[in-house]
Amino acid sequence: MLTIQRRALISARLARDGEVVAKRMADELNLSEDTIRRDLREMAAEGLLKRVHGGALPLVPPLPNFAARQEIAGDVKRRLGQKAAAMIEAGQTIFLDGGTSNAEIARALPRDMRLTVVTHSPTIAAELERHEAEVILIGGRLYKHSMVATGAAALAAIAGIRADLFFLGVTAIHPAHGVSTGDFEEAAVKRAILGQAAETYVLATVEKFDAVSPHHVAAIPELSGFIVPNEISDGMLVPYDGTDIAIIGA
């Protein structure tokens, strides 16, 4: 088999499964594992995939900084935020993850609604300055890329709080590999919050689907639902048919 043919198969497998396991692919193609590993190294050097132990993952482009992300898909994020805010009831305790989509939830909340909002994002907390909501700000080491607190102090505080709803921010969504994000400590905080929430929803813009980021947050069955733009193609949502996850259009 020619190198170009192997690379095409590797790319197709990444697109289909969200990963390539070197040994498995070598067995399927009746090739040596060293051959596949060499292909993966060369493709990684060319910026075509991300090498990991035992195989490869799709390459996820680095996100722009927080300020730049506020300008991306602004209208779509506003619609998603408004739909999420409409799900929230007075008297509830909700946890808002960091991120520009979740900032739109805070902006869409009625100012006179009495509830408790827990967040580890100072930018989210600032959005609620003029609201009647009680705001609990979780502290810790500030991860400036996402403007959220991480680390042991954040995890300890989260362990003492139970939330009715958690609106989770992620960078990638995949039917086999679940939801993931780009930072190890941020992923740990997200997992901790999810464990303390009765229901968890993800505001999911189109570019997050069929992607995998380096750090796993949760499997799809651990989530309650996705809030997605109405214009998303049906094909992107087909892998979630037959599951218990709710798909809510906005």
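Among contacts in the protein chain between residues at least 6 apart in sequence, what percentage join residues at least 24 apart? The share is 62%, and the views below come from a predicted model.

**View 1. The whole protein chain, with its helices and strands.** Start by finding your way around: the chain holds 10 helices and 15 strands. Its radius of gyration is 20 Å, close to the 18 Å that the globule rule gives for 250 residues, so the chain is as compact as a globular protein of that length. Along its principal axes, the C-alpha trace spans about 65 × 40 × 30 Å. Of the 250 residues, 47% are buried.

**View 2. Helices α1 and α2 packing together.** Look for α1 at residues 3-17 and α2 at residues 22-29. Their axes lie 12 Å apart and make an angle of about 125°. Angles from 115 to 145 degrees count as oblique, and therefore α1 and α2 are oblique to each other. The crossing of α1 past α2 is right-handed.

**View 3. The residues that join α1 to α2.** On the α1 side you will find L9, I10 and R13, which meet M25, E28 and L29 of α2. Sorted by class, this contact has four nonpolar residues, two charged ones and no polar ones. A handy fact for looking at helices: an α-helix has 3.6 residues a turn, so residues three or four places apart point the same way.

**View 4. Helix α6, mostly covered.** This helix runs over residues 100-108, and seven of its nine residues are buried. Try picking out the buried ones in α6: T100, S101, N102, A103, E104, I105 and A106.

How values were computed: Residues are numbered from 1 along each chain as its sequence is written. This is a predicted model: local features need pLDDT of at least 70, side-chain atom pairs count only at pLDDT 80 or more; totals for chains, interfaces and linings use all residues. Side-chain values use heavy atoms; hydrogens and water are left out. Buried means under 20% relative accessible area, exposed over 50%, partly exposed in between (1.4 Å probe, protein chains only). Helices (H or I, at least four residues) and strands (E, at least two) are DSSP runs, numbered from the N terminus. Axes are lines fitted to C-alpha atoms, for helices over the stretch in contact, and angles run from 0 to 180 degrees between N-to-C directions. Angles under 35 degrees count as roughly parallel, over 145 as roughly antiparallel, 65 to 115 as roughly perpendicular and the rest as oblique. A crossing is left-handed if the near helix is turned anticlockwise from the far one by less than a right angle, and right-handed if clockwise. Contact means heavy atoms within 4.5 Å. Ala, Val, Leu, Ile, Met, Phe, Trp, Tyr, Cys and Pro count as nonpolar, Asp, Glu, Lys and Arg as charged, and the others, Gly among them, as polar. The radius of gyration is taken over C-alpha atoms; the globule rule is 2.2 Å times the number of residues to the power 0.38.
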